[in-house]
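Hi,

Here is the structure I said I'd send over. Have a look at it first, and my notes follow underneath.

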Amino acid sequence: MATAGKVIKCRAAVAWEPNVPLMMEEIEVAPPQEGEIRIKVVATGVCHTDLYHLFEGKDKRGFPTVLGHEGAGVVESVGPGVTDFKPGDKVIPLFLSQCGECKFCKCPKTNLCDRNWSSKYHDIMSDPTTRFTCRGRPILQFMGTSTFSEYTVINQIAVAKIHDDAPLERVCLLGCGISTGYGAALNTAGVTPGSVCAVFGLGAVGLAAVMGCKNAGASRIFAVDINEQKFEKAKVFGATDFLNPKAYNKPISEVLAEMTNGGVDFSLECVGNTEVMRSALESCVKGWGVSVLVGWTDVKDFSAKPIQLISGKTWKGSLFGGFKSKDSVPNLVCDYMTGRIKLDEFITHKMSLEQVNDAINLMKTGDCIRCILNISK
């Protein structure tokens with residue numbers, strides 16, 4: 001392309017500091033260096049992890065930054081040493097890399113990668129190395145991706161090449177939320193046919209977890225949320241029972257125990273709230289119950305009574321649904337295109353990049369499941 005090897009000036013939504021609305025800016029995006037790919041972002045979802053960094057994490061070392069990590073686009077140019085990608089390829093940026101060479105990538109027990117940005121910089125959620133500048137200042141690339149920009153530069157180990165016919169404005173959701181919840185049920189929890197499950201939190205991640213439980217063959221799926229307006233949407237993804245914790249004068253774990261003869265086989269916490277994490281664990285049946293932490297938070301400690309685990313329950317965590325990213329995302333795209341998994345049903349709003357703050361407010365109030373931002377044609 002004509003822009004190859006040149007600095008590109010483009011629009012981006014910059015978060016200059018915590019707890020302040022994003023600013024539309026013109027940024028400079030440098031050409032890709034060794035092993036890197038420059039991508040023209042077509043569409044991106046707005047995920048709660050973006051809001052977490054902006055409003056909850058509040059570590060000023062993570063700013064200024066361009067948020068966004070749930071995108072899809074087209075390769076504009078590649079740096080030296082890149083052989084698996086070419087200009088024009090459709091791709092999904094990955095906040096979790098897969099180098100294929102480290103001890104984690106070579107181990108089938110995990111999807112972690114030692115070369116991921118989070119190995120050293122999880123507290124500021126960005127590698128200090130960046131290809132972005134604005135007003136003469138370096139701008140961090142959030143979670144190694146930064147999809148609230150018309151262009152971004154990413155290491156090839158954190159990019160998945162996808163089917164040429166994939167609709168980018170939908171499959172972008174597989175860059176985080178849907179893969180995370182869906183895989184947490186299938187891979188991390190290991191939901192079994194005929195089992196009873198409970199999903200706490202019915203945002204996009206929770207609804208994807210419901211879908212995962214359904215596809216794994218669960219016979220009963222409890223959808224738990226204080227916002228009852230989300231129950232109809234949960235039914236679309238396979239939920240069979242619906243509980244609002246505020247509607248009971250006892251802990252929701254006791255309610256579930258009474259309704260399931262001792263507790264559920266699998267529970268998934270998809271909120272990022274440490275109190276809910278404990279409730280999800282306590283909702284599991286003793287002896288074999290498995291509870292999975294899916295919601296992202298790093299600002300509070302969590303706790304539980306040891307008897308919960310001594311009695312045979314298992315407490316696990318899940319990052320990106322346990323999927324090895326570069327290997328799995330192309331397959332998930334194909335699963336969507338063949339009807340095995342849903343994506344369209346998650347999308348409740350579509351907006352332009354300039355409306356990003358409106359999209360963030362919708363997420364804060366719980367009035368949307370996923371808003372897709374159209375970044376460029």
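Which residues of helix 5 are buried? Before I get to that, bear in mind that this is a predicted model. The list runs A204, V205, G206, L207, A208, A209, V210, M211, G212 and C213. That makes helix 5 mostly covered, with 10 of its 12 residues buried.

What do those buried residues pack against? Their neighbours are helix 4 (177–189), helix 6 (231–237) and strands 11, 12, 14 and 18, the last of these being residues 370–374. As for its length, helix 5 reaches 16 Å from its first C-alpha to its last, close to the 16 Å expected for its 12 residues at 1.5 Å a residue. Just past the end of helix 5, G217 has a positive phi of about 100 degrees.

Now the sheet. It is open, has six strands in the order 13-12-11-14-15-16, and the pairing is parallel. The edges are strand 13 (241–243) and strand 16 (314–317); each has a single partner strand, so one side of each has no neighbour in the sheet. From one strand to the next, the twist averages 20 degrees.

If you want to look at one pairing up close, try strand 14 (residues 266–269) and strand 15 (residues 290–293), which run parallel and are joined by four bridges. F266, for instance, has V290 in strand 15 as its bridge partner.

Two helices to look at against this sheet:

- Helix 5 (residues 204–215) packs on the sheet and touches strand 11 (196–200), strand 12 (220–224) and strand 14, with its direction at about 170 degrees to that of strand 11.
- Helix 8 (residues 274–282) also packs on the sheet, touching strands 11, 14, 15 and 16, and its direction makes about 175 degrees with that of strand 14.

Last, the cysteines. How many disulfides turn up in a search of the whole structure? Zero. For C105, the closest cysteine sulfur is that of C102, and at 3.7 Å it is too far for a bond, because a disulfide here needs the two sulfurs within 2.5 Å. C107 is in no disulfide either, as the nearest cysteine sulfur, again that of C102, is 9.8 Å away.

Are C105 and C107 buried or exposed? C105 is buried, with a relative accessible area of 11%, while C107 is partly exposed, at 22%.

Shout if anything is unclear.

Cheers

How values were computed
Residues are numbered from 1 along each chain as its sequence is written. This is a predicted model: local features need pLDDT of at least 70, side-chain atom pairs count only at pLDDT 80 or more; totals for chains, interfaces and linings use all residues. Side-chain values use heavy atoms; hydrogens and water are left out. Two strands pair if DSSP finds at least two bridges between them. Axes are lines fitted to C-alpha atoms, for helices over the stretch in contact, and angles run from 0 to 180 degrees between N-to-C directions. Contact means heavy atoms within 4.5 Å. The expected span of a helix is 1.5 Å times one less than its number of residues. Buried means under 20% relative accessible area, exposed over 50%, partly exposed in between (1.4 Å probe, protein chains only).
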